[in-house]
Amino acid sequence: MGFCNSCGKPMSRGDELGTNKDGSKNEYYCSECYQNGEFTEPNLTVQDMIVKKAKEMLDKNPDLREEDATGLLMYFLPNLKRWNPNFDEEVNHHQSKERGYRNKGTNFDE
Ligand SMILES: [Zn+2]
């Protein structure tokens with residue numbers, strides 16, 4: 001999978017994955033963003049996430065310019081599944097064989 005589709009954090013398989021309601025792993029989101037079938041911060045907007053992640057990037061890379069970090073995130077984050085309403089369509093369109101679990105855990109608007 002590669003990275004969290006909410007915050008963009010790189011993920012490896014295992015503990016860093018979020019969890020669905022039934023306790024299974026959710027391969028789209030990391031454990032910080034998604035637990036027990038719900039986002040940990042359901043009211044967060046993509047702008048909030050950009051600000052938050054830009055700050056983290058700047059903390060880790062003091063030489064980075066804030067506008068560069070923000071620019072990168074503004075390009076990257078809005079295309080992630082959590083923020084992009086057309087994500088599934090675009091994925092279907094571009095490439096898709098990848099996986100059968102694609103629709104698991106996506107109905108979080110209950
Ligand atoms: Zn995440």
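In this predicted model, residues 24 or more positions apart supply 40% of the contacts that have a separation of 6 or more. The secondary structure amounts to 3 helices and 4 strands, arranged along the sequence as β-β-β-β-α-α-α. Of the 110 residues in the protein, 20% are buried.

A good place to start looking is the largest nonpolar core, which has 14 residues. Those with the most contacts inside this core are Cys4, Cys7, Tyr29, Cys30, Cys33 and Ile50. Two elements, strand S2 (25-30) and helix H1 (46-60), each give two or more residues to the core. As a general background, nonpolar side chains in soluble globular proteins tend to be buried together. Tyr29 offers a handy view of the surroundings: leaving aside neighbours within four places in sequence, Tyr29 is in contact with Cys4, Asn5, Ser6, Gly18 and Tyr34.

The N-terminal stretch can be followed from Gly2, which lies in the segment before strand S1 (17-19). Gly2 counts as exposed because 9 other C-beta atoms lie within 10 Å, and a residue with 12 or fewer is classed that way. Not counting residues up to four places away in sequence, Gly2 touches Pro10 and Met11. Gly2 and Tyr28 are 26 residues apart in sequence, yet their C-alpha atoms are 9.0 Å apart in space.

Further along, Asn36 sits in the loop between strand S3 (34-35) and strand S4 (38-39). The backbone here deserves a second look: Asn36 has a positive phi of about 55 degrees although it is not a glycine. Most residues other than glycine have a negative phi. Asn36 is also exposed, because its C-beta neighbours inside 10 Å number 12.

Helix H1 is next. H1 has 15 residues and reaches 21 Å from its first C-alpha to its last, close to the 21 Å expected at 1.5 Å a residue. The buried residues of H1 are Met49, Ile50 and Ala54. These residues cover an arc of only 130 degrees around the axis, so they lie on the same side of H1. In an α-helix, there are 3.6 residues a turn, so residues three or four places apart point the same way. Asp48 and Asp59, on the other side of H1, are exposed. Helix H2 (66-76) is included in what covers the buried residues of H1. One of those buried residues, Ile50, is also listed among the residues with the most contacts inside the largest nonpolar core.

Technical notes: Residues numbered from 1 in each chain as written. Predicted model: local features only at pLDDT ≥ 70, side-chain atom pairs only at ≥ 80, totals over all residues. Contact = placed C-beta atoms within 7 Å. Core = buried A, V, L, I, M, F, W, Y, C linked by C-beta atoms within 7 Å. Expected span 1.5 Å × (residues − 1). Arc of directions from axis to C-beta.
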